[in-house]
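Open the model in a viewer and keep the selection panel at hand. The stops below say what to select and what is there.

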Amino acid sequence: QVQLVESGGGLVQAGGSLRLSCAASGGTFSSLDMAWFRQPPGQEREFVAAIKAAISWSGDKRLYQDAVKGRFTIPRDNAKNTVDLQMNSLKPEDTADYYCAARTTGLLLKLRVQEYGYWGQGTQVTVSS
């Protein structure tokens, strides 16, 4: 059973940066596709970014939601079993609860909530204008 624990959320002014971290345990991290989702207040949970498992050799290695391309990156550290979400040039519309998610790697990266079986508890990010 994979456990995921997020950290790093908080309050930041628009234009600022924040780095979220997700620590994984209980599974073989190198075989997991990792992703970040977010849920803005009163809205559905949505895909933010994903990164392929270290052992995967096929398909896109990273994917981003259009709204965060060029501002967010999703680095993973397979030695530390962590995946981060580096968020730059933050906007008020980035305000949301952010969730780390994992799934056993497949042919392609997945973007839907239903495709991920392991979830963290979430961390709140608030961007003030």
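A salt bridge here is a side-chain nitrogen of Lys or Arg within 4 Å of a carboxyl oxygen of Asp or Glu. The model is a predicted one. By the salt-bridge rule the count comes to eight, and one set of them is a network that links Arg38, Glu46, Arg71 and Asp94. The tour returns to that network after a look at the strand that carries arginine 38.

**Stop 1: strand S4 and its partners**

Select residues 32-39, which make up strand S4. Seven of the eight residues in S4 are buried. Add residues 96-104, strand S10: S4 and S10 pair in the antiparallel sense over eight bridges. To check the register, pick alanine 35, whose bridge partner in S10 is alanine 101.

Now add residues 46-51, strand S5, which pairs with S4 in the antiparallel sense over five bridges. Here phenylalanine 37 stands opposite phenylalanine 47 of S5. The hairpin of S4 and S5 has six residues between the strands, and glycine 42 in this hairpin takes a positive phi near 75°.

In a regular strand the side chains alternate between the two faces of the sheet. With that in mind, turn to the cores.

**Stop 2: two nonpolar cores**

Which residues have the most contacts inside the largest nonpolar core? They are Met34, Trp36, Leu85, Met87 and Tyr98, in a core of 27 residues. Strands S3 (18-25), S4, S5, S9 (82-87), S10 and S12 (123-128) each supply at least two residues of this core. A second, separate core has seven residues, among them Ala35, Phe37, Ala50 and Tyr116.

Go back to the largest core and select leucine 85. Beyond residues up to four places away in sequence, leucine 85 touches Leu18, Arg19, Leu20, Trp36, Val48, Ala49, Phe72, Thr73 and Tyr98.

**Stop 3: aspartate 84**

Move to aspartate 84, in strand S9. Is aspartate 84 buried or exposed? Its relative accessibility is 13%, so it counts as buried. The side chain of aspartate 84 makes a polar contact of 2.9 Å with the side chain of arginine 19. Leaving aside neighbours within four places in sequence, the residues in contact with aspartate 84 are Arg19, Leu20, Ser21, Cys22, Trp36, Thr73, Ile74 and Pro75.

**Stop 4: salt bridges on S4**

Side chains of opposite charge can pair when their charged atoms come close.

Select lysine 52 and aspartate 33. Their side chains meet in a salt bridge, 3.5 Å from N to O. Lysine 52 is in the loop between S5 and strand S6 (62-64) and aspartate 33 is in S4, 19 residues apart. Lysine 52 counts as buried because its relative accessibility is 3%; aspartate 33, at 0%, also counts as buried.

Next, select arginine 38 with glutamate 46. Their side chains form a salt bridge of 2.7 Å, N to O. Arginine 38 is buried, with a relative accessible area of 3%, whereas glutamate 46 counts as partly exposed at 25% relative accessibility.

Keep arginine 38 selected and add aspartate 94. This salt bridge has its closest N and O atoms 2.9 Å apart. It links distant parts of the chain: arginine 38 in S4 and aspartate 94 in the loop between S9 and S10, 56 residues apart. Aspartate 94 counts as buried, at 1% relative accessibility. Add Arg71 to show the whole network of Arg38, Glu46, Arg71 and Asp94.

**Stop 5: the aromatic cluster**

The last stop concerns ring pairs, of which the count is three. Phenylalanine 37 and phenylalanine 47 form an edge-to-face pair, 5.8 Å centre to centre with 80° between the planes. Phenylalanine 37 is in S4 and phenylalanine 47 in S5, so the pair ties together parts 10 residues apart in sequence. Phenylalanine 37 counts as buried at 0% relative accessibility, and phenylalanine 47 is buried with a relative accessible area of 10%.

Then add tyrosine 116. The ring centres of phenylalanine 37 and tyrosine 116 are 5.4 Å apart and the planes lie at 70°, so this pair is edge-to-face. Tyrosine 116 lies in the loop between S10 and strand S11 (118-119) and phenylalanine 37 in S4, so the pair ties together parts 79 residues apart in sequence. Both residues, phenylalanine 37 and tyrosine 116, are buried. Finish by selecting Phe37, Phe47, Tyr116 and Trp119, which ring pairs link into a cluster.

Methods:
Residues numbered from 1 in each chain as written. Heavy atoms only, no water. Buried < 20%, exposed > 50% of the residue type's maximum accessible area, 1.4 Å probe, protein only. Helix = DSSP H or I, 4+ residues; strand = E, 2+ residues; numbered from the N terminus. Pairing = 2+ DSSP bridges. Core = buried A, V, L, I, M, F, W, Y, C linked by side-chain atoms within 4.5 Å. Contact = heavy atoms within 4.5 Å. Polar contact = N/O pair within 3.5 Å; in protein donor to acceptor, adjacent residues only side chain to side chain. Phe/Tyr/Trp six-rings, centres within 6.5 Å; stacked < 30°, edge-to-face > 60°.
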